[in-house]
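Me: Please take a close look at one part of this chain for me. Then show me how the rest is put together around it.

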Amino acid sequence: MTEAVQYRPDQKYIDSCSYHEAGHTVVVVALGMPLRNRGVHIDTMGNGISYYWFRLPGDPNNTPDDIAERERTIISTEAGIVAQKKFYPDCPYGGNFYDRDQNIKLLDEMYPNRNDFFEAQQKCYEESVRLVNLHWPAIEALARALLAEPLAIRTNDAEGQWSNDTVERWLDGNRVIAILSEFQLQPSIRNESLGKLLNAITPQSIPCLGFGEAGPAFTPLHHYN
Ligand SMILES: [Zn+2]
């Protein structure tokens with residue numbers, strides 16, 4: 001049995017969440033995936049969320065398009081913790097529980113064979129690292145811009161709770177586009193009203209819980225090292 005202990009993360013961890021969300025967002029753009037109007041958000045407790053379109057687990061189709069969509073999702077999802085660790089190498093795992101959980105489900109849908117699974121996981125991870133390094137100036141610019149935002153009152157997200165905080169910092173989709181357009185990236189926003197993009201890609205949000213939250217705190221999941 002585990003105990004849910006409420007840790008207060010250190011300030012560097014809280015700041016590193018901005019790099020985590022910026023990592024997702026910039027790599028999404030680099031992979032040609034559309035953003036959502038709701039942009040990127042962090043709270044003051046080590047939680048954050050980035051809104052963009054990605055492949056959700058649950059659709060068993062496995063055409064080349066489905067595989068490409070899942071791989072793009074996995075690479076951009078993994079980019080969160082990769083960027084966070086680049087900024088804060090000693091930051092604990094645990095905050096990327098939902099990210100890693102989702103990636104494992106997507107890999108399972110493609111690779112029932114364990115060797116294939118691990119090979120694909122490693123390949124996607126290496127691509128996340130490559131893209132985070134390649135686009136680090138853009139990730140830094142977005143993360144710093146988000147951290148420089150004033151605190152605003154946080155309202156609950158109808159799609160799901162990602163924070164218990166009463167305040168947040170956030171940038172809407174158009175601000176994200178303005179920041180990233182200075183880095184030879186071509187971000188786009190796809191409106192929710194346009195419906196599904198490909199087979200199953202769905203407007204969704206990835207909550208990135210801080211390690212101080214109750215639940216899977218400090219659970220070492222499937223580390224790559
Ligand atoms: Zn994340």
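Which residues of helix α3 are buried?

Reply: In α3, the buried residues are Phe 97, Asp 99, Arg 100, Gln 102, Asn 103, Leu 106 and Leu 107. Look at the spacing of those numbers along the helix. An α-helix has 3.6 residues a turn, so residues three or four places apart point the same way. Keep in mind that this is a predicted model.

Now check the length of α3. The helix covers residues 97–110, which is 14 residues. At 1.5 Å a residue, α3 should span 20 Å. Its end C-alpha atoms are 20 Å apart, so the model agrees with the expected span.

Next, the whole chain. There are six helices and five strands. Their order along the sequence is α-β-β-α-α-α-α-β-β-α-β. Of the 225 residues in the protein chain, 44% are buried. Many contacts reach far along the sequence. Take those between residues at least 6 apart: 78% of them join residues at least 24 apart.

Start at helix α1, residues 11–30. This helix has 20 residues. From its first C-alpha to its last it reaches 29 Å, close to the 28 Å expected at 1.5 Å a residue. α1 is mostly covered, with 18 of its 20 residues buried. After α1 comes Gly 32, with a positive phi near 80 degrees.

What does α1 pack into? The largest nonpolar core has 43 residues. Ala 22, Val 26, Val 27, Ala 83, Ile 139 and Leu 142 touch the most other members. α1 gives the most to this core, with ten residues. That fits a broader pattern. In soluble globular proteins, nonpolar side chains tend to be buried together.

Zoom in on Val 26. Set aside its neighbours within four places in sequence. Val 26 is then in contact with His 135, Ala 138, Ile 139, Leu 142 and Leu 180. Some of these partners lead to helix α5, which covers residues 136–148. Among the elements of the chain, α5 has the highest mean pLDDT, at 98.

Now the strands. Strand β1 covers residues 35–42 and runs antiparallel to β2, with four bridges joining the two. Leu 35 stands opposite Tyr 52 in β2. Further along β1, Ile 42 has Gly 48 of β2 as its bridge partner. The two strands form a hairpin with five residues between them. Within this hairpin, Gly 46 takes a positive phi near 95 degrees.

β1 has a second partner. Three bridges join β1 to strand β4, residues 167–171, and this pair is antiparallel too. Here Val 40 is bridged to Leu 171. β1 is mostly covered, as seven of its eight residues are buried.

β2, residues 48–55, goes further still. Eight of its eight residues are buried, so β2 is largely enclosed by the rest of the structure. Both of its faces are covered. On one side are Gly 48, Ser 50, Tyr 52 and Phe 54. On the other are Ile 49, Tyr 51, Trp 53 and Arg 55.

Go back to the loop between β1 and β2, where Asp 43 is found. It takes 20 or more other C-beta atoms within 10 Å to call a residue buried. Asp 43 has 22, so this loop residue is buried. What surrounds Asp 43? Leaving aside neighbours within four places, Asp 43 is in contact with Arg 154, Ser 163, Asp 165, Val 167 and Glu 168. Asp 43 and Arg 169 are 126 residues apart along the chain, yet their C-alpha atoms are separated by 6.2 Å.

Compare that with Gln 184, in the loop between α6 (173–180) and β5. With 8 C-beta neighbours inside 10 Å, Gln 184 counts as exposed. Gln 184 also has a positive phi of about 55 degrees, although it is not a glycine. Most residues other than glycine have a negative phi, and most peptide bonds are trans.

Last, how far should you trust the picture? The mean pLDDT of the chain is 83, and 81% of its residues reach 70 or more. Strand β5, residues 201–208, has the lowest mean pLDDT among the elements, at 51. Over residues 1–5, pLDDT stays under 50, and the model has three contacts there beyond four places in sequence. Residues 210–225 also stay under 50, with 43 such contacts. Where pLDDT is low, the predicted coordinates should not be read in detail.

Key: Residues numbered from 1 in each chain as written. pLDDT = per-residue confidence, 0-100. Contact = placed C-beta atoms within 7 Å. Buried ≥ 20, exposed ≤ 12 C-beta atoms within 10 Å, placed from the backbone. Pairing = 2+ DSSP bridges. Core = buried A, V, L, I, M, F, W, Y, C linked by C-beta atoms within 7 Å. Expected span 1.5 Å × (residues − 1).
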